[in-house]
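Here is a short briefing for a first look at this model. Take it topic by topic, with the structure open beside the text.

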Amino acid sequence: MSEFNELTQAVNTFIEDRDWKQFHKPKDCAISLTLEAAEVAELFQWKSDKQMEAMKQEGEAQDDLADELSDVLFWVLAMAHDFNIDIKPAFLRKLKKSAAKYPVEKVKGNNKKYTQYDD
Ligand SMILES: [Mg+2]
């Protein structure tokens with residue numbers, strides 16, 4: 001187990017203390033993860049570039065974003081635990097795949113999708 005174990009344990013304790021495991025079907029956990037990600041997006045909805053930049057300096061905006069990112073992480077950790085996924089090595093493995101898909105020499109300073117590269 002990785003150092004995410006402490007966070008995963010905290011998530012599990014939170015769930016078990018409330019006897020909510022019975023409600024945590026994979027579909028519902030995935031929906032919850034998606035909804036929490038939408039709450040992150042909602043914080044930026046209709047904001048101008050200037051307003052979003054200002055949010056980086058506003059304590060309340062930072063707290064709101066921290067809360068919603070934490071809600072996303074909660075479901076990531078809960079689902080990873082339920083599916084016996086050690087999230088740290090899984091994350092690093094996926095990052096390596098992404099690095100292979102987006103090699104620095106091809107994509108640096110370029111935001112095209114990997115299917116749109118000029119070879
Ligand atoms: Mg939330």
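F74 is buried in this predicted model, with a relative accessible area of 18%. That value falls under the 20% cut-off for buried residues. F74 belongs to an aromatic cluster, and the cluster is a good place to start.

**Aromatic cluster**

- Four residues make up one aromatic cluster: F14, W20, F74 and W75.
- How many aromatic pairs does a search of the whole structure find? The search finds three.
- One of them joins F14 and W20 edge-to-face, with 5.8 Å from centre to centre and 70° between the planes.
- F14 also pairs edge-to-face with F74, at 5.7 Å centre to centre and 85° between the planes.
- The F14 and F74 pair ties together parts that are 60 residues apart in sequence, because F14 lies in helix α1 (residues 5–17) and F74 in helix α4.
- F14 is partly exposed, with a relative accessible area of 33%.
- W20 is partly exposed too, at 37% relative accessibility.

**A charge over the rings**

- R18 lies over the face of F14, 3.8 Å from the ring centre.
- R18 also lies over the face of W20, at 6.0 Å from that ring centre.

**Magnesium site**

- Which residues coordinate the magnesium ion? They are E36 (OE), E39 (OE), E68 (OE) and D71 (OD), at 2.1 to 2.2 Å.
- Along the sequence, the donor residues follow the spacing E-x2-E-x28-E-x2-D.
- E68 and D71 both sit in helix α4 (residues 59–82). They are three residues apart, about one turn of the helix.
- Is E68 buried or exposed? E68 counts as buried, at 15% relative accessibility.
- D71 is partly exposed, with a relative accessible area of 30%.

**Helix α2**

- Helix α2 covers residues 26–44.
- Its 19 residues should span 27 Å at 1.5 Å a residue. The end C-alpha atoms of α2 are 28 Å apart, which agrees.
- Which residues of α2 are buried? They are C29, E36 and V40.
- Seen down the axis of α2, the buried residues fall within an arc of 55°, so they line one face of the helix.
- K27, T34 and E42 are exposed on the other side of α2.
- E36 thus appears in two lists: it is a buried residue of α2, and it coordinates the magnesium ion.

**After helix α6**

- K108 is found in the segment after α6.
- K108 counts as exposed, at 73% relative accessibility. The cut-off for exposed is over 50%.
- K108 and R93 are 15 residues apart in sequence. In space, they are 21 Å apart, C-alpha to C-alpha.

**Confidence**

- The protein chain has a mean pLDDT of 93. In this chain, 97% of the residues reach 70 or more.
- Where in the protein chain is confidence highest, and where is it lowest? Confidence is highest in helix α2, at 98. It is lowest in helix α6 (residues 104–107), at a mean of 89.

Terms used: Residues numbered from 1 in each chain as written. Predicted model: local features only at pLDDT ≥ 70, side-chain atom pairs only at ≥ 80, totals over all residues. Heavy atoms only, no water. Donors = N, O, S within 2.8 Å, 3.2 Å for Na, K, Ca; no water. Helix = DSSP H or I, 4+ residues; strand = E, 2+ residues; numbered from the N terminus. Buried < 20%, exposed > 50% of the residue type's maximum accessible area, 1.4 Å probe, protein only. Phe/Tyr/Trp six-rings, centres within 6.5 Å; stacked < 30°, edge-to-face > 60°. Lys NZ or Arg CZ within 6 Å of the ring centre and 35° of its normal. pLDDT = per-residue confidence, 0-100. Expected span 1.5 Å × (residues − 1). Arc of directions from axis to C-beta.
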